[in-house]
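This report walks a new reader through one protein chain. Please keep the sequence and the model open while reading.

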Amino acid sequence: MKRATPETKSRPPRPARPRAVQSHEIRIIGGQYKRTKLQVADKPGLRPTPDRVRETLFNWLGQDLSGWRCLDAFAGTGALGFEAASRGAAQVLLVEQDAALVAQLKRVQDQLKAAVVQVVRGDAVAALRHAPAASLELIFLDPPFDSPLFEAAVQAAAPALSVTGFLYLEAPKRWPESELQGLGLQLHRHLKAGMVHAHLLRRIEAVALPAG
């Protein structure tokens with residue numbers, strides 16, 4: 001048996017090597033920034049909207065969002081917000097609380113020279129509550145699935161939505177019609193893809209508007 005020397009006794013243990021942050025890429029799927037790659041960091045709760053769901057969502061919305069004012073409340077990679085900007089939105093506000101993700105969003109904004117996009121570090125629910133009433137044509141809500149903020153976010157988003165606007169909600173369950181109606185919202189479209197329930201919501205009074 002090898003006898004321990006004073007040097008080996010006092011040698012401090014090696015520090016644990018930090019796990020490297022892994023990342024992968026997703027792409028913007030339509031519009032002027034089509035095929036632009038967005039980095040996806042390996043962060044807890046960060047779950048970009050799948051390509052199939054994004055494609056379906058923008059088929060529902062129509063490919064041309066010219067003049068729309070949009071807010072991506074839990075921006076993450078910015079996939080939804082940049083997709084809206086790519087399709088002609090007039091204003092896109094990306095709200096994200098994680099400092100590293102905010103820095104990444106700003107890099108993408110600079111890369112695209114996307115003047116219509118504004119990146120803000122902050123609380124998503126607070127940003128929705130501060131949005132002027134009926135001021136937004138499109139709101140994206142995609143909180144982490146283990147987040148307790150779903151109800152608060154939908155409640156805060158509903159008054160900010162224009163009468164003819166759309167609220168996109170991505171959640172781990174299908175929201176009951178009764179809960180939505182209590183907030184003045186109704187289900188316009190729904191898609192289940194794996195664990196994702198994609199809801200496209202509208203204000204109830206939008207139904208009463210004349211066609212044309």
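The text below goes from the whole chain to its sheet, its helices, one pocket and a few single residues.

This is a predicted model: local features need pLDDT of at least 70, side-chain atom pairs count only at pLDDT 80 or more, and totals for chains, interfaces and linings use all residues. Residues are numbered from 1 along each chain as its sequence is written, and side-chain values use heavy atoms, with hydrogens and water left out.

**The chain as a whole**

The chain has seven helices and nine strands. Helices (H or I, at least four residues) and strands (E, at least two) are DSSP runs, numbered from the N terminus. Of the 212 residues in the chain, 45% are buried; buried means under 20% relative accessible area, exposed over 50%, and partly exposed in between (1.4 Å probe, protein chains only). Among contacts between residues at least 6 apart in sequence, 63% join residues at least 24 apart, where contact means heavy atoms within 4.5 Å.

**The sheet**

Seven strands form an open sheet in the order S5-S4-S3-S6-S7-S9-S8, with mixed pairing. Strand S5 (117-121) and strand S8 (185-193) stand at the edges with a single partner strand each, so one side of each has no neighbour in the sheet. From one strand to the next, the twist averages 15°. Two strands pair if DSSP finds at least two bridges between them.

S3 and S6 pair in the parallel sense over three bridges. Strand S6 (residues 136-141) also pairs with strand S7 (residues 161-171), in the parallel sense over five bridges. Leu 138 in S6 has Cys 70 opposite, and Leu 138 also stands opposite Phe 166 in S7. Phe 140 stands opposite Tyr 168 in S7. S6 is mostly covered, with six of its six residues buried. In a regular strand the side chains alternate between the two faces of the sheet.

**Helices against the sheet**

Helix H3 (residues 79-86) lies across S3, S4, S5, S6 and S7 and runs at about 170° to S4. Helix H4 (residues 99-112) lies across S4 and S5, running at about 165° to S5. For these angles, axes are lines fitted to C-alpha atoms, for helices over the stretch in contact, and angles run from 0 to 180 degrees between N-to-C directions.

Why is H3 described as largely enclosed by the rest of the structure? Eight of the eight residues of H3 are buried, so the rest of the structure largely encloses this helix. Among the buried residues of H3 are Leu 80, Phe 82 and Glu 83. After H3 comes Gly 88, whose phi is positive, near 100°.

**The second largest pocket**

The second largest pocket has a volume of about 170 Å³. Its lining consists of Arg 69, Cys 70, Leu 71, Gln 91, Val 92, Leu 93, Val 116, Gln 118, Pro 132, Ser 135 and Leu 136. The elements that give two or more residues to this lining are strand S3 (69-72) and strand S4 (91-96).

On a 1 Å grid over the protein atoms alone, a pocket is an open set of points where a 1.4 Å probe fits, with protein on both sides within 12 Å along at least five of seven lines; lining residues have an atom within 4 Å of a point. Grid points are joined across faces, edges and corners, and a volume is the space filled by probe spheres set on the points.

**Single residues**

Leu 180 lies in helix H7 (residues 177-182). Leaving out residues up to four places away in sequence, Leu 180 touches Trp 175, Leu 185, Leu 187 and Leu 201. The C-alpha atoms of Leu 180 and Arg 203 are separated by 9.4 Å, and these residues are 23 residues apart along the chain. Leu 180 counts as buried, at 0% relative accessibility.

Two residues have a positive phi although they are not glycines, as the table shows.

| Residue | Phi | Place | Relative accessible area |
|---|---|---|---|
| Arg 35 | about 75° | loop between strand S1 (23-27) and strand S2 (37-41) | 58%, exposed |
| Ala 134 | about 55° | loop between helix H5 (124-130) and S6 | 34%, partly exposed |
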